[in-house]
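Me: I have just loaded this structure and would like a close look at one part of it. Please choose a place to begin, work outwards to the surroundings, and spend most of your time on the pairing of charged side chains.

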Amino acid sequence: MRKNLWTALAVTAVAAIISAVPAAAADSDVISDGVYIGDQDVGGMTTKEAEQYVKGQVRALEDTTVTIQMGEQQSTKTLKELGLKWDNPDLVQEISQIGTTGNIIRRYKEQKSLQNENSRYEIEYTVDSSLEEAFVDSCNAYNSDPVEGSVYMGDDGQLYVEGGTDGLTLDAEATLKEVQAAIGEWKAEDITIEATVERESPQVTAETLSKMTDVLGTATTDYSASSSGRAQNVENGTSKINGTLLMPGESFSVTDAVVPFNAENGYELAPSYEAGQVVDSYGGGICQVSTTLYNAVLRAELNVTERSPHSMTVHYVDLSEDAAIAGTYKDFKFKNSTEYPIYIEGYTTSDKKITFNIYGKETRDSNRSISFESVLVNEVKPNTILRDDAGQGIGYKSVSAGKTGYVAELYKIVKVNGVQTDRIKINKSTYKGSDRVVTYGTAGDPTLSENLRAAIAAQDEALADANVAAANAAAAAAAPAQ
């Protein structure tokens, strides 16, 4: 009787377990409830339906794009192009056996476990590491040098700024790690990552250039009295300086900007000073360009590092306000001594005026003003030099006007709230004069000629004129009556 009792109890327990196992568990073609692939509940699906779902996920995975963004450039590959491989193709078969295979007690335990906690499985995959590395390395094509910013004057008379971008160098190792991490954490959507790069900033950025909003100094001179050749040289030289951008601490040389002086560089023959004489040369008139710029620089209060006066005076500015250009020994140079960039605008007008404007950021006090005063220190009148010309007859007289020499100084007058606070000497300039030369013809009567030469030797113009007059009178007396 005891043996039959235990047998009956066992049969009863098994029956209870069997009744506790869901009917679906008896059908091994249907996946047990509580089984997930990723975030998808596949419980209740047939194995065929689950396989179709997984294959759809794998196809989506293959079509997923991976984009590396590097600056304005980007490179894109699909995971299929990166050698995607599905690493657990037996996934559906594996999950279909949960709670549906094995003895009845095992199936019961697995079903009870699923009732208490869902069972989650992931689609496992890898990509070809060599293709992945090649993909990242391809972005080295987007490495770039810094692009300096630029500034230009618009037709509306306003300054415009453009450019100024960082140089980029790909950090392939760091970027590869980012790509690998993103693929490993795929969230069923396309992947975009920002490449890891080393940045090299330009010296000239748009932000820096945008601060040049003020006219620091301006100057205008008139060249309407110039010959056509000189006018061409003034206009050509101005155009070569126009648009110059100087960063803080940078220097500028007018000579470097405007040479060479030849026809190929746009210059014509025109009068210029050379060794105290006026001669025709290519580039004649270029000194008016440098002089006008000098006056704009003075008013911008930039640091003048080299400036020379002309050998003789010029008519278009006051004494000591000029800046000569001559060969390799006279140049006008200055430095951007401000903390911000400066831009030089130069232009000429149809009525033959030249203007230079210097743009930058105004940092000087608004209640402070400056002006300039030219002061004559000394004046040297020309000497008179008498010369003889044996090729001309007695009675011939030629006079070349002399030129007065000057010594002058230029002062900067500083006022604050209209009250002078400083008077600073800017330069001292010496301008050579030229002698007044009087040439007499000495060919003719030996006695008269000898007397005239004696007067010339004594540098006595009045006596020389008297001898000429006597010679003329004698000639008139000797002439036959008409």
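Reply: Happy to! Let's begin at Ser-449, whose contacts beyond four places in sequence are with Ile-394 and Thr-442. Ser-449 sits in helix 12, which covers residues 446–457. Its relative accessible area is 3%, and since buried means under 20%, Ser-449 counts as buried.

Before going further, please keep in mind that this is a predicted model. The average pLDDT of the protein chain is 88, and 90% of the residues reach at least 70. Residues 1–27 stay under 50 in pLDDT, and the model gives this stretch 13 contacts beyond four places in sequence.

Now to the charged pairs. The whole structure holds 17 salt bridges. In one of them, Glu-301 pairs with Arg-364, with 2.8 Å between the closest N and O atoms. This pair connects distant parts of the chain, with the two positions 63 residues apart in numbering. Glu-301 belongs to the loop between helix 11 (286–300) and strand 18 (303–306), while Arg-364 belongs to the loop between strand 21 (353–360) and strand 22 (368–380). Glu-301 has a relative accessible area of 21%, so it falls in the partly exposed class. Arg-364 is partly exposed too, because its relative accessibility is 24%.

Arg-364 has a further partner: it also forms a salt bridge with Glu-362, again with the closest N and O atoms 2.8 Å apart. Glu-362 is partly exposed, at 32% relative accessible area. These residues belong to a network of salt bridges that links Glu-301, Glu-362, Arg-364, Arg-368 and Lys-412.

A separate pair worth your time is Asp-322 with Arg-307, where the closest N and O atoms are 3.0 Å apart. Both residues lie in the loop between strand 18 and strand 19 (333–335), so this salt bridge ties together parts that are 15 residues apart in sequence. Asp-322 is buried, with a relative accessible area of 1%. Arg-307 is buried as well, because its 16% is under the 20% cut-off.

For something without charge, turn to the surface patch of about 330 Å², which is nonpolar and made by Val-259, Phe-261, Leu-269 and Tyr-282. Val-259 is placed in the loop between helix 10 (254–258) and strand 16 (269–274). At 34% relative accessibility, Val-259 is partly exposed.

Stepping back to the whole protein chain, its secondary structure consists of 13 helices and 27 strands. The radius of gyration is 49 Å, well over the 23 Å that the globule rule gives for 482 residues, so the chain is more spread out than a compact globule. Along the principal axes, the C-alpha trace spans about 190 × 55 × 35 Å. Of the 482 residues, 37% count as buried. The accessible surface comes to about 26,200 Å², with 47% of that belonging to carbon and sulfur atoms. Among contacts with a separation of 6 or more, 71% are between residues 24 or more positions apart. The Glu-301 and Arg-364 pair, 63 residues apart, is a good one to bring up in your viewer alongside that figure.

How values were computed
Residues are numbered from 1 along each chain as its sequence is written. This is a predicted model: local features need pLDDT of at least 70, side-chain atom pairs count only at pLDDT 80 or more; totals for chains, interfaces and linings use all residues. Side-chain values use heavy atoms; hydrogens and water are left out. pLDDT is the predictor's confidence in each residue, from 0 to 100. Contact means heavy atoms within 4.5 Å. Patches are made of residues with over 30% relative accessible area and no salt bridge: like charges are joined within 9 Å, nonpolar side chains (Val, Leu, Ile, Met, Phe, Trp, Tyr) within 5 Å. Accessible areas come from the Shrake-Rupley method with a 1.4 Å probe; for residues, only the protein chains shown count as cover. A salt bridge is a side-chain nitrogen of Lys or Arg within 4 Å of a carboxyl oxygen of Asp or Glu. Helices (H or I, at least four residues) and strands (E, at least two) are DSSP runs, numbered from the N terminus. Buried means under 20% relative accessible area, exposed over 50%, partly exposed in between (1.4 Å probe, protein chains only). The radius of gyration is taken over C-alpha atoms; the globule rule is 2.2 Å times the number of residues to the power 0.38.
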